[in-house]
Structure formats: C-alpha cells, structure tokens
Amino acid sequence: MTDAESVRLRPVGPGDLPRLFDMQLDPESNRTAVTNPRTREVFDAHWTKILDDPANTTRAVLVGETLVGTISCFPMDGEDHVGYWIDRAYWGKGIASRARHLLLCEVTKRPLVATVATSNGASLRVLQKCGFVVEEVRHSPATDLYPECEEAVLVLR
Ligand SMILES: CC(C)(COP(=O)(O)OP(=O)(O)OC[C@H]1O[C@@H](n2cnc3c(N)ncnc32)[C@H](O)[C@@H]1OP(=O)(O)O)[C@@H](O)C(=O)NCCC(=O)NCCS
C-alpha cells in the first residue's frame with residue numbers, strides 16, 4: 001500500500017499537540033504557506049479553543065499509525081473554511097490530496113472556502129484537483145500570523 005492509500009483521519013486529541021507544535025515551526029513549511037509559526041503560548045491557546053468548539057471539524061492525518069498532519073473545516077466570518085498542514089517529510093506523496101478527499105466525504109456542507117497564498121502552488125493544486133475554483137485574488141495585509149502576500153480565495157460550491 002502507498003502512503004496515500006493508507007491515509008486515514010481521526011479527531012485530534014490533546015496528546016497530538018506536542019508533535020503538531022513542532023510541525024508548525026518548520027521554516028520551509030511556513031515559507032510555503034506564507035505563515036508565521038506560533039509561539040507555544042499562542043499555539044496552546046489556539047488549539048484549546050479549537051478543540052473545545054463543536055463547530056470545528058479538526059482531524060489528525062495519519063499514515064498507518066503515524067501522525068503526519070492536520071486537516072480541518074471551521075467557521076470564519078460567516079463562511080465554512082478549510083485548512084491543512086502536512087509534515088514536510090511527507091510532502092509530494094499525495095497525502096494532502098487523499099486527506100482532502102476524505103474530509104470532503106465527511107463534511108458535506110457547501111460552499112467551502114479556502115484562502116491560499118498565490119505562491120503556494122502545491123496547495124492550489126490540491127484544492128483545484130477536488131473542485132475548488134479561484135473566485136478572487138486579493139492583497140492580504142501582514143498580521144501576527146501571516147506575512148503580507150497576494151492570496152487567492154477558492155470556493156467549492
Ligand atoms: C500544501 C501541502 C498541504 C501539500 O501537501 P502534499 O501532501 O505534498 O500534497 P499532494 O502530494 O497531495 O499534492 C501536491 C500537488 O501539488 C503539486 N505541486 C507541488 N509543488 C507544486 C508547485 N510548486 N506548483 C504547482 N504544483 C505543485 C504536486 O505535483 C501535486 O500535484 P499532482 O497530484 O497533480 O501531482 C503541503 O505542502 C503543506 O503542508 N505545506 C505547508 C502548509 C500549507 O501550505 N498549508 C496550506 C495552506 S493554504
């Protein structure tokens with residue numbers, strides 16, 4: 001079985017957080033996603049809020065028994081957004097694409113929205129392969145979490 005074929009999702013638990021914290025520190029991943037890593041304090045506060053909110057669907061991405069990332073659907077500004085993060089050691093194996101497919105089987109509400117830096121070719125490809133369409137390209141100002149960038153808004157209707 002390939003890594004992509006053995007991908008499965010399960011709810012994220014508190015025991016996953018140390019590994020997820022390390023994953024989100026990776027400089028290359030942050031360059032790709034055009035994000036700033038969270039400090040431990042900000043990370044813990046963020047994940048405590050996420051795990052306590054039943055409106056979020058937050059899934060650990062597993063290859064076999066190994067935790068290799070997260071994928072989620074969450075409400076933001078009155079829309080349902082999706083996001084994901086895969087450990088850099090596992091990039092380019094079809095894992096995000098498979099995880100995206102599995103999440104879209106589980107979360108059936110539409111439309112779903114994703115915002116992606118236009119420089120993030122891999123993420124754009126993952127979304128477009130499963131039917132998301134670019135509906136807007138806009139300037140995104142810098143915040144604590146995001147450097148300034150041009151971002152695409154993709155929608156799955
Ligand atoms: C984006 C990310 C999730 C992709 O994960 P992945 O498991 O490597 O993705 P997959 O292997 O399923 O698919 C990647 C696709 O993008 C393509 N790709 C890779 N780099 C690319 C690039 N620079 N430009 C265009 N396409 C690219 C691959 O060829 C593949 O397409 P294919 O299936 O047609 O061959 C991963 O790089 C990541 O976690 N990055 C950091 C966090 C992030 O960017 N999250 C998304 C924020 S919106």
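For these notes I take helices and strands as DSSP runs, numbered from the N terminus, and I count a residue into the shell around the ligand if its C-beta atom, placed from the backbone, lies within 6 Å of the molecule.

**Entry 1, the ligand.** I began with the ligand in this predicted model, and asked which helix or strand gives the most to the shell around it. That element is H5, with 5 residues. The shell holds 20 residues, and I noted Ala33, Ala96, Ser97, Gly121 and Arg125 as the closest. Looking up where the shell comes from, I found at least two residues supplied by each of helix H2 (27-33), strand S4 (79-86), helix H4 (95-106) and helix H5 (121-129). Sorted by class, the shell comprises 10 nonpolar and 8 polar residues, together with 2 charged ones.

**Entry 2, the fold.** I then listed the secondary structure, which comes to 5 helices and 7 strands, and wrote down their order along the sequence as β-α-α-α-β-β-β-α-β-α-β-β. For overall dimensions I took the box filled by the C-alpha atoms along the principal axes, which is roughly 40 × 35 × 30 Å. I also checked the radius of gyration: a compact globule of 157 residues would have one near 15 Å, and the protein has 15 Å, so the two agree. Among contacts with a separation of 6 or more, 61% join residues 24 or more positions apart.

**Entry 3, the core.** Next I looked up burial, and found that 22% of the 157 residues count as buried. In soluble globular proteins, nonpolar side chains tend to be buried together. Here the largest nonpolar core has 27 residues, of which Val61, Ile86, Ile95 and Ala99 touch the most other members. At least two residues of this core come from each of strand S2 (57-63), strand S3 (66-76), S4, H4, strand S5 (112-117), H5 and strand S7 (149-156). I followed one of these residues further and asked which residues isoleucine 86 is in contact with, leaving aside its neighbours within four places in sequence. The partners I recorded are Val61, Val68, Gly69, Trp91, Ile95 and Ala96.

**Entry 4, threonine 2.** Last, I turned to threonine 2, which lies in the segment before strand S1 (7-11), and asked whether this residue is buried or exposed. Threonine 2 has 11 other C-beta atoms within 10 Å and is therefore exposed, since the cut-off for that class is 12 or fewer. I also noted its distance to valine 63, 61 residues away along the chain, where the two C-alpha atoms are separated by 9.3 Å.

Key
Residues are numbered from 1 along each chain as its sequence is written. This is a predicted model: local features need pLDDT of at least 70, side-chain atom pairs count only at pLDDT 80 or more; totals for chains, interfaces and linings use all residues. Ala, Val, Leu, Ile, Met, Phe, Trp, Tyr, Cys and Pro count as nonpolar, Asp, Glu, Lys and Arg as charged, and the others, Gly among them, as polar. The radius of gyration is taken over C-alpha atoms; the globule rule is 2.2 Å times the number of residues to the power 0.38. A residue is buried if 20 or more other C-beta atoms lie within 10 Å of its own, exposed if 12 or fewer, and partly exposed in between; C-beta atoms are placed from the backbone. Two residues are in contact if their C-beta atoms, placed from the backbone, lie within 7 Å. A nonpolar core is a set of buried Ala, Val, Leu, Ile, Met, Phe, Trp, Tyr and Cys residues joined through C-beta atoms within 7 Å.
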